[in-house]
Amino acid sequence: MQKILWLFAFITSWTFAQVNVVTTYTYLGEIAKAIGGNDVNVKVLASPKLDPHFIIPKPSLIPTLSRADMLVANGAGLEIGWLPPLLKNANNPKIAIGSQGFVDASQTIILIDKPVSVSRAYGDIHPEGNPHFSTDPHNIVPIARMIANKLSNLDPQHQSAYQNRLANFTTQWNAFLMQFDNKIHSCKGKKVVQYHQLYNYLLKRYNIQAVATIEPLPGIAPSSKHIMEVIDTMQQQHVHTILQDPYHEKKTASFIASKTGAIVKVIPHDVGNIEGTDSLKTFYKTIADRLCQ
Amino acid sequence: MIKKIIGLSFAASATLFAQSDLEQLKTQLAQQQRIIAALQQRVEELETKQTSASAAATANVQTPTSTFDQKSFLPDIALILNGSAVGRNVDNSTYESYFIPGFSEFDPEEESEIPYNKNRGFNFNYAELAMHSTIGPYFDADAVFHLHPDEFEIEEAYITSRALPYGLRAKAGKFLSEFGRINSIHQHAWDFTSQPLAYEAIFGAEGLNDAGAQLQWVLPTDTYLMAGFEALQGSNDVSFGNIEKNNLYVGYLKAGADITDNTTLLSGLSIAHGKNEEGLDTNVYGADLTFKMMLDSYSSLAWQSELLYRDKDTSEGDHDQAGYYTQLVYDYNQNWATGIRYERLYKNLVDEPNDLERTSAMLEYKPFEFSKFRLQYAYDRSKIFGDERKNISEILLDFTIEAGAHGAHAF
Ligand SMILES: [Zn+2]
């Protein structure tokens, strides 16, 4: 009897193909894997080693998009510099913007830092608001819920499996958040400087004040004049922490650190940015550990 | 309508040109941030005050003036400006009369067709107005207008399918053919300011740009494979030009793969088959290869080469001619790039010199993503003036700005 069941399971798994899910960034890929389990096949487009604003639209990414049943994007304009030409060339109406297979994670988030007026005179600003919400672990469950619902619509046969995995994931994640919150609340140093406005969601939630950015305007390389101002501000306000992303040059941060005695902390902004951050939990654990070092 | 849009875009671009003092901007930004913070606090206060009853009431309030508002359906509009300062060892009236021996001729009756950087001294090359809009669930529409100081030109205007299955996409209208690597890329996105010699010699200054239809298919394979077919009118009179009926067919196959995590290859084979002005056959074959090595997020090294081969039947006999370019471009960071290019033509005619070549070097500075200055030097041994061959030394500084909603460039 059991043999027949196994055989049946084998045949069904073979006849009902997995849903091809493509995500732009690795953290979204990890959420999709957690919710989709064996019912989905997840591929990630962007290398976590690169600046998320500037992924090179390699032709090798086109066939992946071309065969996708679902595309999960960060949204809020983060992919605007590289995803549109790939989407256009993939010729896949199933994942076109606005279609059932297109998931915009930013729609589950209340975006912060929305500029009052939009002009490129202010640099490479994000007109819809800050898209770097991946640094706050409290944003994970809403995205997981959205992915579960979209998968349930797309693949109703496995709806209960998706919803069960979502329930399990939520329970586990809430337990993890308790630890994470405790850890961050315990850490001292409530003022920081960052390179780009990459950690604002995290900082805002835990009342850590971002005093300045190393880049004078978004997407503009730091000038010596601006660096001197940052040093002044840090000395006046007694800031001892510089949050450095893994992809920008680190010379400026070390220079500022040498002038102010501050510590440079490389904080990942996505799963797989730096070594030892291959899963959602190790990624956020690394953030907490390094922030509270 | 168009005039209005142009006016608007100029106004928008003017703000871009305005003396932008970083200091002033920073204080403005800081001011903005303070305003945002204040607004956020206010919003939070209001949110807490707002009871569920009032929420239900406000949900039904609508501003009646916005009922028929169509602003959100406006197309994406981009304005691109390009101009240059040129130093050259040939004076302007002589330069206008140049031709490439074995490929083109100079006709003093006709106006010269040098589209970019014609003058020694200053050139305003063009203002390009590009619009993109989604027309319902099935089509996108695109239009690119080229405005020269004394000419309005529809560079491209076409519709593209959005909903075809099986990896198919169709296009119809007037468009740049995707023959080869560089033909479909607009001048402002080229790595060098001048069009490759092989393209100028075989397709003319405008490239292969024609009315017709296109079908592309992304094959369901793990590596990128794309097959394309185009049926065109054949109005390009450099190699084709017989337009008694639609006479030009273009086909191509493109393949792309990652060699390592950081190295990507893109290659293509193309063919264009049509009838020339004498009613005889012309076939053009193209092969291209691009290697790109990504060094980090902002730095890369790209080697790109392209070979064009033309078999043109004429009443004087069969002309087999070819040309290629090979270039190396190094993107040092987001602001700086440099590159060199070597090009050569083979005209395969006995009576005139055959060492037609050009070498170019460029240095590019981008203060910001949407503005670009390029210093380019070229030594050109491919031109003849009247019956005299003269080598051209040219140095030029050009600028390109992209204002408005300009889409990201493909690989
Ligand atoms: Zn950003």
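This passage walks through a metal site, a set of charged contacts and some strand pairings in a predicted model.

The zinc ion makes a good starting point. Its protein donors are four histidines of chain A, each using NE2: A:His53, A:His126, A:His132 and A:His196, at 2.0 to 2.1 Å from the metal. The angles among the four donor atoms run from 99 to 129°, and the site is tetrahedral. Written as a sequence pattern, the donor spacing is H-x72-H-x5-H-x63-H. A:His126 belongs to the loop between strand E4 (102-104) and helix H5 (140-154) of chain A, while A:His196 belongs to the loop between strand E5 (191-194) and helix H7 (200-205), so this pair ties together parts of the chain that sit 70 residues apart in sequence. Both A:His126 and A:His196 are buried.

Next come the charged side chains. Over all chains, the structure holds 22 salt bridges. One of them joins A:Asp39 to A:Arg165, with 2.9 Å between the closest N and O atoms. This pair links distant parts of the chain, 126 residues apart: A:Asp39 is in the loop between helix H2 (26-36) and strand E2 (40-44) of chain A, and A:Arg165 is in helix H6 (residues 159-186) of chain A. The two ends are not equally accessible. A:Asp39 has a relative accessible area of 14% and is therefore buried, the cut-off being under 20%. A:Arg165, at 21%, counts as partly exposed.

A second bridge in chain A brings together the side chains of A:Asp136 and A:Arg205, at 2.6 Å from N to O. Here too distant parts of the chain are linked, with A:Asp136 in the loop between E4 and H5 of chain A and A:Arg205 in helix H7 of chain A, 69 residues apart. A:Asp136 is buried at 1% relative accessibility, whereas A:Arg205 is partly exposed at 40%.

Chain B has its own example, where the side chains of B:Asp355 and B:Arg381 meet in a salt bridge of 2.5 Å, N to O. B:Asp355 is in the loop between strand E14 (336-346) and strand E15 (356-368) of chain B, and B:Arg381 is in the loop between strand E16 (371-380) and E17 of chain B, so the bridge ties together parts 26 residues apart in sequence. B:Asp355 is partly exposed, with a relative accessible area of 27%. There is also a network in chain B, in which salt bridges with shared partners connect B:Arg341, B:Glu343, B:Arg358, B:Asp380 and B:Lys383.

A:Asp245 is another story. This residue sits in the loop between strand E7 (241-244) and helix H9 (251-260) of chain A. A:Asp245 is buried yet has no salt bridge, and the nearest side chain of opposite charge, A:Lys250, is 6.1 Å away. What the side chain of A:Asp245 does have is backbone company: one of its polar atoms lies 3.1 Å from the backbone nitrogen of A:Tyr247, and the backbone nitrogen of A:His248 lies 2.7 Å from a polar atom of that side chain.

That leaves the strands. In a regular strand, side chains alternate between the two faces of the sheet. In strand E3 (residues 70-73) of chain A, A:Met70 and A:Val72 point one way and A:Leu71 and A:Ala73 the other, and all are buried. E3(A) pairs in the parallel sense with strand E1 (residues 19-23) of chain A over three bridges, with A:Val72 as the bridge partner of A:Thr23. E3(A) also runs parallel to E4(A), joined by three bridges, and there A:Leu71 has A:Phe102 as its bridge partner.

In chain B, an open sheet of three strands follows the order E2-E17-E18 with antiparallel pairing. Its edge strands, each pairing on one side only, are E2 (98-99) and E18 (388-389) of chain B. Two bridges pair E2(B) with strand E17 (residues 384-385) of chain B in the antiparallel sense, and B:Tyr98 stands opposite B:Phe385 in E17(B).

Elsewhere in chain B, B:Gly173 has its place in strand E6 (residues 168-176) and counts as partly exposed at 27% relative accessibility. B:Gly173 and B:Leu197 are 24 residues apart in sequence, and their C-alpha atoms are 27 Å apart in space.

Conventions. Residues are numbered from 1 along each chain as its sequence is written. Chains are lettered from A and ligands numbered from 1 in the order in which they are written. This is a predicted model: local features need pLDDT of at least 70, side-chain atom pairs count only at pLDDT 80 or more; totals for chains, interfaces and linings use all residues. Side-chain values use heavy atoms; hydrogens and water are left out. Two strands pair if DSSP finds at least two bridges between them. Helices (H or I, at least four residues) and strands (E, at least two) are DSSP runs, numbered from the N terminus. Donors are N, O and S atoms within 2.8 Å of the metal (3.2 Å for Na, K and Ca); water is not among the atoms, so sites may look incomplete. Four donors count as tetrahedral if all angles lie between 85 and 135 degrees; four count as square planar and six as octahedral if opposite donors are over 155 degrees apart and all others between 65 and 115; anything else is irregular. Buried means under 20% relative accessible area, exposed over 50%, partly exposed in between (1.4 Å probe, protein chains only). A salt bridge is a side-chain nitrogen of Lys or Arg within 4 Å of a carboxyl oxygen of Asp or Glu. Lys and Arg count as positive and Asp and Glu as negative; His and the chain ends are not counted. A polar contact is a pair of N or O atoms within 3.5 Å; within protein, one must be able to donate a hydrogen and the other to accept it, and residues adjacent in sequence count only if both atoms are side-chain atoms.
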